[in-house]
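Hi,

Here is the structure I promised to pass on. Have a look at it first, and then read on for my notes.

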Amino acid sequence: MHFQVPLATLSHILFGGHHGRFSTQLEKIRWNHVGESSNRNLIYRFRTFCASRDLAAKKCVPCNSKDLQAMTEESATEFLLKVAGWNLVNANGTLKLNRSWKVKSFSKGLELFQLVGNVAETEGHHPDLHLVGWNNITIEIWTHAVGGLTENDFILAAKINGLNLHHLLRKNASA
């Protein structure tokens, strides 16, 4: 999402002017339309943001790229802030993303897998899908080719977060 701000308005913000009503309006715009994440940086008294929707707008790069390397746990922890609901798991030295849901029924679980599968095929990046019992779904994402996490994994997690899954989930389960 991009916002266009008239040059006169930007000048007013940067170089002064009346603070009262305009500052209040600007604050409302920031909170209602930008959607701050807890991972924000302060640069020149302006906040920069990278939210889940920024990742969801990206495309996964091919895993056979020679430049693709597993990220550090520190980098993965920073990226994790951009994909709500996902957990960072260290499985015998391999960092993975993990998320679980409870679905209404076995068939709803299969529907969820189909929706995720469609996204995975489009991205060319495939998660591990688990249906345990009749209604417990767990998805694990990591880049097998590098034995850890890359930005691709967070892109896929963000795209999965963007899916409308509410009609598949149990009411008392969080998505």
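Which residues of the largest nonpolar core touch the most other members? Keep in mind as you look that this is a predicted model. The core in question has 28 residues, and W86, W101, L112, I139, I141, L149 and F154 are the ones that touch the most other members. Two or more residues each come from α4, β4, α5, β6 and α6, with α6 giving the most, six residues. That fits a familiar pattern: in soluble globular proteins, nonpolar side chains tend to be buried together.

F154 is a good place to zoom in. Setting aside neighbours within four places in sequence, F154 is in contact with L55, M71, A76, F79, L80, V83, L97 and L149. L149 turns up again below, as does L97.

Now the sheet. Four strands make an open sheet in the order β3-β4-β6-β5, with antiparallel pairing. β3 (87–91) and β5 (128–132) are at the edges with a single partner strand each, so each has one side without a neighbour in the sheet. On average, and ignoring direction, neighbouring strands here are turned by 30 degrees against each other.

Going through the pairs:

- β3 and β4 (residues 94–102) run antiparallel and are joined by five bridges. Across this pair, N87 is opposite N98, and L88 is opposite L97.
- The hairpin of β3 and β4 has two residues between the strands, and N92 takes a positive phi there, near 55 degrees.
- β4 and β6 also run antiparallel, with six bridges between them. One pairing to check is R99, whose bridge partner in β6 is I139.

How enclosed is β4 by the rest of the structure? Largely, because seven of its nine residues are buried.

Two helices lie across the strands. Helix α4 (residues 73–80) lies across β3 and β4, at about 155 degrees to β3. Helix α5 (residues 106–123) lies across β5 and β6, and runs at about 175 degrees to β5.

While you are on α5, take a look at G117, which is found in that helix. Is G117 buried or partly exposed? The relative accessibility of G117 is 22%, and buried means under 20%, so G117 counts as partly exposed. G117 also has a partner far along the chain to look at: I160 is 43 residues away in sequence, yet the two C-alpha atoms are 9.7 Å apart.

Last stop, W142. This residue lies in the loop between β6 (136–141) and α6 (151–161). Although W142 is in a loop, W142 counts as buried because its relative accessibility is 11%. What is W142 in contact with, leaving aside neighbours within four places in sequence? The list is T94, L95, K96, H125, D128, G147, G148, L149 and D153. Here L149 appears again, a residue that is also in contact with F154. As for distance along the loop and into the helix, W142 and N152 are ten residues apart along the chain, and their C-alpha atoms are separated by 8.3 Å.

If you open just one view, I would go for F154 and its contacts, which include L97 and L149, and then move over to W142, which also contacts L149.

Cheers

Notes: Residues numbered from 1 in each chain as written. Predicted model: local features only at pLDDT ≥ 70, side-chain atom pairs only at ≥ 80, totals over all residues. Heavy atoms only, no water. Buried < 20%, exposed > 50% of the residue type's maximum accessible area, 1.4 Å probe, protein only. Contact = heavy atoms within 4.5 Å. Pairing = 2+ DSSP bridges. Axes fitted to C-alpha atoms, helices over the stretch in contact; angles between N-to-C directions. Core = buried A, V, L, I, M, F, W, Y, C linked by side-chain atoms within 4.5 Å.
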